[in-house]
Amino acid sequence: MTTLTDTALTALHLLTELDPVLWSIVGRSLFVSVLATAMACSIGVVLGAWLGVARFTGRDALLTVLNTLLALPSVVVGLVVYLLLSRSGPLGSFGLLFTPTAMVIAQTLLVLPIIAALCRQAVEDAWVEYEEQLRSLGAEGLCAALTLVWDIRFSLVTAVLAGLGRALAEVGAVGLG
């Protein structure tokens, strides 16, 4: 029990004394998580919006894959990114392994399915309500999807916050940095 108490006191001391090493680690973690979430949003919102309004052969299969990726373990993402960025991997020549860039890539892959799936659901719900109106105005496909994204932008904050929460809570995939 004393080691637990000693550890807690040491942690409290580092926090209250504004230890520069500790705060640089916290800052880097926040930077990586926010950047990964922003990158996942730039792809996930467009993908989710398109999937919300598009109807095509194989859509159900694609949605099944997307929804399955919601449960993707961080260790699997870390392993895939490691294999891609290792010296013998296809992207090994870039020397990104064990860098903050590798951490951003791993977290982006973790957050992307969450943002895309939640955005798709929100856009699809809005599409049911506004489809006739948008079609009468000549908006179809990606144009209609992006119009709906703008209209439900405040609802999409939930998707962004869910993605950011996953990124902030994740440690398994970012052991690469």
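**View 1. Phe 31, an exposed residue on helix α2 of this predicted model.** Let's start with an aromatic side chain in the open: Phe 31 has a relative accessible area of 53%, and over 50% counts as exposed. Its place is in helix α2, which runs over residues 20–53. If you want a reference distance for this view, take Phe 31 to Leu 161: the two are 130 residues apart in sequence, and their C-alpha atoms are 15 Å apart in space.

**View 2. Where α2 passes α7.** Stay with α2 and bring in α7, residues 157–169. Two numbers do the job for a pair like this, since packed helices are described by the angle between their axes and the distance between the axes. Here the axes of α2 and α7 come within 9 Å and cross at roughly 140°. The two helices are therefore oblique to each other, as angles have to be over 145 degrees to count as roughly antiparallel. The crossing of α2 past α7 is right-handed. On the α2 side, the residues in contact are Leu 30, Ser 33, Val 34, Thr 37 and Cys 41. They meet Val 160, Gly 163, Leu 164, Ala 167 and Leu 168 of α7. Sorted by class, this contact has seven nonpolar residues, three polar ones and no charged ones.

**View 3. Where α5 passes α7.** Now swap the partner: α5 covers residues 100–136. The axes of α5 and α7 come within 9 Å and cross at roughly 155°. That angle makes α5 roughly antiparallel to α7. The crossing is right-handed. From α5 come Gln 107, Leu 110, Val 111, Ile 114, Ile 115, Leu 118 and Cys 119. Facing them in α7 are Ala 159, Ala 162, Gly 163, Arg 166 and Ala 167. The class count for α5 with α7 is nine nonpolar, two polar and one charged. Look out for Gly 163 and Ala 167 here: both meet α5, and both also turn up in the contact with α2.

**View 4. The buried side of α6.** Which residues of α6 are buried? In this helix, residues 141–151, they are Ala 144, Ala 145, Leu 148 and Val 149. They sit on the same side of α6, because they cover an arc of only 140° around the axis. The general helix pattern is handy to keep in mind: there are 3.6 residues a turn, so residues three or four places apart point the same way. As for what lies over the buried residues of α6, the cover includes α2 and α5.

**View 5. Leu 14 and Leu 18, around the end of α1.** Leu 14 belongs to helix α1, residues 2–16. Is Leu 14 buried, exposed or partly exposed? With a relative accessible area of 30%, Leu 14 is partly exposed. Leaving out residues up to four places away in sequence, Leu 14 touches Asp 19, Leu 22 and Trp 23. Leu 18 is found in the loop between α1 and α2. At 57% relative accessibility, Leu 18 counts as exposed. Check the backbone of Leu 18 too: phi is near 55°, a positive value in a residue other than glycine.

**View 6. Phe 98, another positive phi.** Most residues other than glycine have a negative phi. Phe 98 has a phi near 65°, so positive even though the residue isn't glycine. Phe 98 lies in the loop between α4, residues 74–85, and α5.

Notes
Residues are numbered from 1 along each chain as its sequence is written. This is a predicted model: local features need pLDDT of at least 70, side-chain atom pairs count only at pLDDT 80 or more; totals for chains, interfaces and linings use all residues. Side-chain values use heavy atoms; hydrogens and water are left out. Buried means under 20% relative accessible area, exposed over 50%, partly exposed in between (1.4 Å probe, protein chains only). Helices (H or I, at least four residues) and strands (E, at least two) are DSSP runs, numbered from the N terminus. The arc is that of the directions from the helix axis to the C-beta atoms. Contact means heavy atoms within 4.5 Å. Axes are lines fitted to C-alpha atoms, for helices over the stretch in contact, and angles run from 0 to 180 degrees between N-to-C directions. Angles under 35 degrees count as roughly parallel, over 145 as roughly antiparallel, 65 to 115 as roughly perpendicular and the rest as oblique. A crossing is left-handed if the near helix is turned anticlockwise from the far one by less than a right angle, and right-handed if clockwise. Ala, Val, Leu, Ile, Met, Phe, Trp, Tyr, Cys and Pro count as nonpolar, Asp, Glu, Lys and Arg as charged, and the others, Gly among them, as polar.
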